[in-house]
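Thanks for coming. I will take you through one structure, a part at a time, and you can follow along on the screen.

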Amino acid sequence: MRNSLHSSVTKIFIAILLLGVGSVPATCAERLTDKPFVHPGLLHTQADFDRMKAKVASGAHPWIDGWNVLIANRHAQLSYHPRPVGTIFRGDDHVHHQNYALLFNDASAAYQTALRWRISGDNAYADKTVEILNAWGSTLTGIGGNTDASLALGAQGYELANAAEIIRDYSGWKPEDIAKFKQMMLDVFYGRNHDFLFRHNNTRPGHYWANWDLCNLNAELAIGVLCDRRDIYDEAIEYFKHGAENGSIEHAVYIMHPGYLGQWQESGRDQGHTAYGVALTGSLCQMAWNQGDDLFGYDNNRVLAGMEYIAKYNLGEPVPYVRYGYVDGWIQGEISDRARGLMIPSWELLYNHYVNLKGISAPNVTKFATKVRPEGGGGDYGPNSGGFDQLGFGTLTYTIDPAAQLTAPSGLTALASGTSVILSWWGSAGATDYLVRRSNSEKGPYTTIAAVTENTLTDKDIAIGRDYYYRVVAQYPAGKTTTSPLTVASTKTALLASVRMNNADGQAIIDNGAAKPVKLASEKQGLTTSQTITLGGKTRPMSLPPGFVNGVTDFSIVLWVNLRSEPPWSRILDFGSDQLSYMYLTPNTPDGKVRFGISTGGPNSEERIDGASPLPLGKPTHVAVTLSGGTGTLYVDGKVAGTTTGMHLSPVDLGATTHNYIGKSQFPDPELEGEVSGIQIYRGVLLVDRIAALATEGVHH
């Protein structure tokens, strides 16, 4: 799940923003760190080239099949001639004609001839790559058009950087030409990549789809490695993990269904753009992997969850889908079937990494990789081609022999929801089925409760108020087995946190039953030494520690509030990480209702519980929110004020929230004016009679 930003990278972000976009590129020699990059080390390493060369030389399948596809491509020929220009235009700006085909064709040719050189050893192909890169390195000064220019800056930026990385050590590429090309990549591409990722053309958060961010992240990371700029590389890595917009993996895969099917952010848009997200996510992860950073495995293989979801639907199978509200108003109530089944060369990379290298079962990715094999390449059109925004040839470049050892099921989670426990795990490559075993004690004995072929099970044979321990055993042919690590699910209701003021020194604390409650650094001045949190006037909202509701499914929140005013959208509390992922409680919406909302896709994707009216002014009011098994309930003064069924989201879907506010919003909304006290957060659901009792136990200020 999402963690707080690393302070060192945050300082880099601030420094770059203070410099301004025009000052970002600097030179390749500046701001190096002690940790060197692996070269060649973008999509392919020297070990990869050695493997390709040996397999092709021996005529081994499927490598030789991929090689034959490469050498038949029109871009991979010595007769190819570059067509550089000073300015590339993508998107209609009503003045210039689009000409970005010149660049994407030449980028494809540079990559393909570089591959032919590495595998064949024929220097003529390296010379052709040098000819193409030198032509653009000495000519290109800008990329224009409308906002679509950001797509060319991303896609062709990472493609050119990869071609250059492949031949960076070729003796026929003069050092002065290499330096000129690198500087062009910084001046023309990186500054604009950075500006897009952190400003997004001054649009509202969530306006751009995942693929826009992802192509610019690919360019940033690739340019960072090519130019030995650790700061640029780290910027891309950090954004993918923690970025506030749709290119970060928790926004790109914004809903997690049982069995680790991760709903992709563009699935309701169309399958063509979704497939492009597959290609861009895979290439970004592969480049980072070759530098020692495992984005493939980050957040319990969240990338694979998204890829399995996309592959399954595009193989013609049904998948679960949660309504997505595009931030600018387009509501996607169902998954789109536009371009369903589109075959693009992006699946071999994912299949070989997860299945052959890590031994994780990825049945849908495996089926799609088999269907597309041997993969074609960039610059061409038609089935199994790379089009113009990806490089392709994955069968040749990414195929590896499968690992010999068996892998145990991994990532087992057990989430209590209502009267069920939902189990999900990552399966084992080669396993035939899985035995789910359960015990009431950590030490056992364990009883097999089900045998399944998929990587999920809903255990409905449970009781409230108990702990359940689970293991999953993978079964293979010839009677071999492997066993997952242990996990536990609790159906007990337990106090997670009690937020109050410390009467001794006026500091706010969270008390979760530990021996030493955690003191909170307050954001405000003038705190009183009582259990009441007074907000408004000279005071400011307070922040709670990051991630303190991480992993919670069913939950309850209870508190007292006494409002002095209630402008629309002020917040009693708002726990989240940005303006796309959060949960909140507001005393008053513009249409005059108290509301609890939760979202992983921004305001139009919120799941909400509304009351019939706003909270009253000038009187202590008890408010509670509960969520269990998809049913959310809002209480005011111990009575049900609103109920919503069919809710899909809970705090576990928000990850380790980094901004947990009392009296403040993730958005630029009014701050709360009033007093808040008695805040208690529970794992599990408080029953109606318990909430009614809390509402009559007395006012907490």
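**Helix 13 and its surroundings**

Let me start with packing: the buried residues of helix 13 (residues 347-357) pack against helix 11 (271-289), helix 12, helix 14 (363-372) and helix 15 (394-398). Before going further, please note that this is a predicted model.

How many of the eleven residues of helix 13 are buried? Ten of them are, so to say, on the list, and the helix is mostly covered. The buried ones are W347, E348, L349, L350, Y351, N352, H353, Y354, V355 and N356. After helix 13 comes G359, which has a positive phi, near 75°.

**Nonpolar cores**

Now to the cores. In general, nonpolar side chains in soluble globular proteins tend to be buried together. Here the largest nonpolar core has 163 residues. Which of its members touch the most others? They are F189, L221, W347 and L585. W347 you have already met, as one of the buried residues of helix 13.

L585 deserves a closer look. Setting aside residues up to four places away in sequence, L585 touches L559, S570, R571, I572, L573, V594, R595, F596, V623, V625 and L634. There is also a second, separate core of 18 residues, and among its members are L412, A414, L457 and A474.

**Strand 22**

L585 brings us to strand 22, where it is one of the buried residues. Strand 22 covers residues 582-586, and five of the five are buried, so the strand is largely enclosed by the rest of the structure. What covers its two faces can be put in terms of residues: Y582, Y584 and T586 are buried on one side, and M583 and L585 are buried on the other.

What does strand 22 pair with? One partner is strand 21 (residues 573-576), which runs antiparallel to strand 22 and is joined to it by four bridges. Within that pairing, G576 has Y582 as its bridge partner. A hairpin of five residues connects strand 21 to strand 22.

Strand 22 also pairs with strand 23 (residues 595-599), again in the antiparallel sense, over five bridges. There, T586 stands opposite R595 of strand 23. R595 is also among the residues that L585 touches.

**Salt bridges**

Next, charged pairs. A search of the whole structure gives 23 salt bridges, and I will show a few.

In one, the side chains of R118 and D169 meet, at 2.8 Å from N to O. R118 belongs to helix 4 (residues 101-120), while D169 sits in the loop between helix 6 (149-166) and helix 7 (175-199), so this pair ties together parts that are 51 residues apart in sequence. Is R118 buried or exposed? Its relative accessibility is 12%, so R118 counts as buried.

Another pair is R199 with D195, where the closest N and O atoms are 2.9 Å apart. Both are in helix 7, four residues apart, and so they are separated by about one helical turn. R199 is partly exposed at 34% relative accessibility, whereas D195 is buried at 15%.

In helix 12 (residues 298-314), D299 and R302 lie three residues apart, about one turn of the helix. Their closest N and O atoms are 3.5 Å apart, and they form a salt bridge. Both D299 and R302 are buried. Elsewhere, salt bridges that share partners join E165, R168 and D228 into one network.

**The largest pocket**

Where is empty space left? Rolling a probe the size of a water molecule over the atoms shows this. In this model, the largest pocket holds about 800 Å³ of space. Its lining has 30 residues, and M256, L415, H648, V652 and D653 lie nearest the centre.

Which elements supply at least two residues of that lining? They are strand 3 (253-257), helix 12, strand 7 (410-417) and strand 8 (420-426). The largest share, four residues, is from strand 3. Helix 12 we have seen before, as one of the helices packed against by helix 13.

**One loop residue**

I will finish with T45. This residue is placed in the loop between helix 1 (7-19) and helix 2 (46-57). T45 has a relative accessible area of 14%, so it is buried. Apart from neighbours within four places in sequence, T45 contacts P40 and N290.

Methods:
Residues are numbered from 1 along each chain as its sequence is written. This is a predicted model: local features need pLDDT of at least 70, side-chain atom pairs count only at pLDDT 80 or more; totals for chains, interfaces and linings use all residues. Side-chain values use heavy atoms; hydrogens and water are left out. A salt bridge is a side-chain nitrogen of Lys or Arg within 4 Å of a carboxyl oxygen of Asp or Glu. Buried means under 20% relative accessible area, exposed over 50%, partly exposed in between (1.4 Å probe, protein chains only). Two strands pair if DSSP finds at least two bridges between them. A nonpolar core is a set of buried Ala, Val, Leu, Ile, Met, Phe, Trp, Tyr and Cys residues joined through side-chain atoms within 4.5 Å. Contact means heavy atoms within 4.5 Å. On a 1 Å grid over the protein atoms alone, a cavity is a set of points where a 1.4 Å probe fits but cannot get out, and a pocket is an open set with protein on both sides within 12 Å along at least five of seven lines; lining residues have an atom within 4 Å of a point. Grid points are joined across faces, edges and corners, and a volume is the space filled by probe spheres set on the points.
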